[in-house]
Structures are given as C-alpha cells and as structure tokens.
Amino acid sequence: MLEAGKLLTPITFMYRPDGDDGYGNATPWSGPWTALFTTAADKRTIRGSETVIGARLSGVQNVEFWTRYRPEFTTQPITTAWQIKMPRDGWNWDILLIEVDPRRRFVKITAKSTMLA
C-alpha cells in the first residue's frame, strides 16, 4: 500500500511521439524520447535475475513504482511502450505493467531495468 511519506523518488514518464521517416511520412513511435510529466514515487525492488546477453553476464532488476494517481494516467494512456526515467541517477526503466486503483488514489507500475542513459 502507498504511504505518502515514502514518495521520495522523482520519476519522469517518457514516450516516443511519431517521427518523420525523411520522406514526409509519419512513423509511429520513432521520434526522440519526450517527457510527459514528473512525479514523486516510492521505488521498491521486487526481484532480480542474471541473464547472458551478448556472451556477457547481465543483471536485470525488476521494481515497482508506487505513485499517486494523476489525470495524465487516463488522458494520455501510459502503455508498455513507455519508459520511466529517474532524473537523479539517469536510470531508464521499461514499463511492464500499470495497475490503477479502482478509486483512483494510487498507481502501481511494474518495470524492469534498461541500459543507462
């Protein structure tokens, strides 16, 4: 459950708008990463794993971000194509799952680590 006193981590929701393919055509989700809004969250590590990527051992960390509900969660539907960026340390997280409280008080976002920005 969300406790207001634990909302200590600023997070930014990033998406990719339509881009231009060089011939005047719009290409979906190909533009530069763009910030929609920044909010405070409670970051909780849920599990980690080590996988082999490119013949190197690579750690993947899964986390949950708990935050207060904002109107942007419904006016601009946040999907798994979005990322969360932590401005303090530059980490990017791929969104895996978004769960909105039925009473629209809080949101739980499950994400996994990506490469550093």
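Me: What relative accessibility does R70 have?
Reply: This is a predicted model. R70 counts as partly exposed, since buried means under 20% and exposed means over 50%. Its relative accessibility is 24%.

Me: Which residue does R70 meet in a salt bridge?
Reply: The two side chains come to 3.0 Å, N to O. The partner is partly exposed, with a relative accessible area of 22%. That partner is E72.

Me: How many salt bridges does the count come to?
Reply: The rule asks for a side-chain nitrogen of Lys or Arg within 4 Å of a carboxyl oxygen of Asp or Glu. E72 with R70 is one such pair, at 3.0 Å. E64 with K108 is another, at 3.7 Å. The count comes to five.

Me: How many residues apart are E64 and K108 in the chain?
Reply: Their side chains meet in a salt bridge of 3.7 Å, N to O. The pair links distant parts of the chain. E64 sits in strand β5 (residues 56-68) and K108 in strand β8, and their separation is 44 residues.

Me: What relative accessibility makes K108 count as buried?
Reply: K108 meets E64. E64 is itself buried, at 15% relative accessibility. The cut-off for buried is under 20%, so K108 falls below it with 17%.

Me: Which residues are linked in a network of salt bridges?
Reply: K108 has a salt bridge to E64, at 3.7 Å. K108 also has one to E99, at 3.5 Å. E99 is partly exposed, with a relative accessible area of 34%. The network links E64, E99 and K108.

Me: How many bridges pair β7 with β8?
Reply: Strand β8 covers residues 106-113 and runs antiparallel to β7. One position in the pairing puts L97 opposite T110 of β8. The number of bridges is seven.

Me: Which residue takes a positive phi in the hairpin of β7 and β8?
Reply: This hairpin has five residues between its strands. The positive phi is near 55 degrees, and the residue is R104.

Me: Which residue in β7 is the bridge partner of Q83?
Reply: Strand β6 (residues 83-85) is antiparallel to β7 (residues 92-100). Three bridges join the two strands. For Q83, the partner is D94.

Me: Which residue takes a positive phi in the hairpin of β6 and β7?
Reply: Six residues lie between the strands of this hairpin. The phi in question is near 85 degrees, and the residue is G90.

Me: What relative accessibility does T110 have?
Reply: T110 is found in strand β8. Its contacts, beyond four places in sequence, are I46, V63, E64, D94, I95, L96 and L97. T110 counts as buried because its value is under 20%, namely 13%.

Me: Which residues does I46 touch, leaving aside neighbours within four places in sequence?
Reply: I46 has its place in strand β4 (residues 34-53). At 32% relative accessibility, I46 counts as partly exposed. Its contacts are N62, V63, E64 and T110.

Me: How far apart in space are I46 and A111, C-alpha to C-alpha?
Reply: In sequence, 65 residues separate I46 and A111. In space, their C-alpha to C-alpha distance is 9.9 Å.

Me: Which residues form one aromatic cluster?
Reply: The structure holds five aromatic pairs. One cluster is formed by F65, W91 and W93.

Me: In what order do the elements run from the N terminus?
Reply: The protein has one helix and eight strands. From the N terminus on, the order is β-β-β-β-β-α-β-β-β.

Me: What share of the contacts between residues at least 6 apart joins residues at least 24 apart?
Reply: E64 and K108, 44 residues apart, show one link between distant parts of the chain. Among contacts in the protein between residues at least 6 apart, the share that joins residues at least 24 apart is 53%.

Me: What percentage of the residues is buried?
Reply: The accessible surface comes to about 7,300 Å², with 52% belonging to carbon and sulfur atoms. T110 is one of the buried residues. Of the 117 residues in the protein, the buried ones make up 34%.

Methods
Residues are numbered from 1 along each chain as its sequence is written. This is a predicted model: local features need pLDDT of at least 70, side-chain atom pairs count only at pLDDT 80 or more; totals for chains, interfaces and linings use all residues. Side-chain values use heavy atoms; hydrogens and water are left out. Two strands pair if DSSP finds at least two bridges between them. Helices (H or I, at least four residues) and strands (E, at least two) are DSSP runs, numbered from the N terminus. Rings of Phe, Tyr and Trp (its six-membered ring) pair if their centres lie within 6.5 Å; planes under 30 degrees apart count as stacked, over 60 as edge-to-face and the rest as tilted. Buried means under 20% relative accessible area, exposed over 50%, partly exposed in between (1.4 Å probe, protein chains only). Contact means heavy atoms within 4.5 Å. Accessible areas come from the Shrake-Rupley method with a 1.4 Å probe; for residues, only the protein chains shown count as cover.
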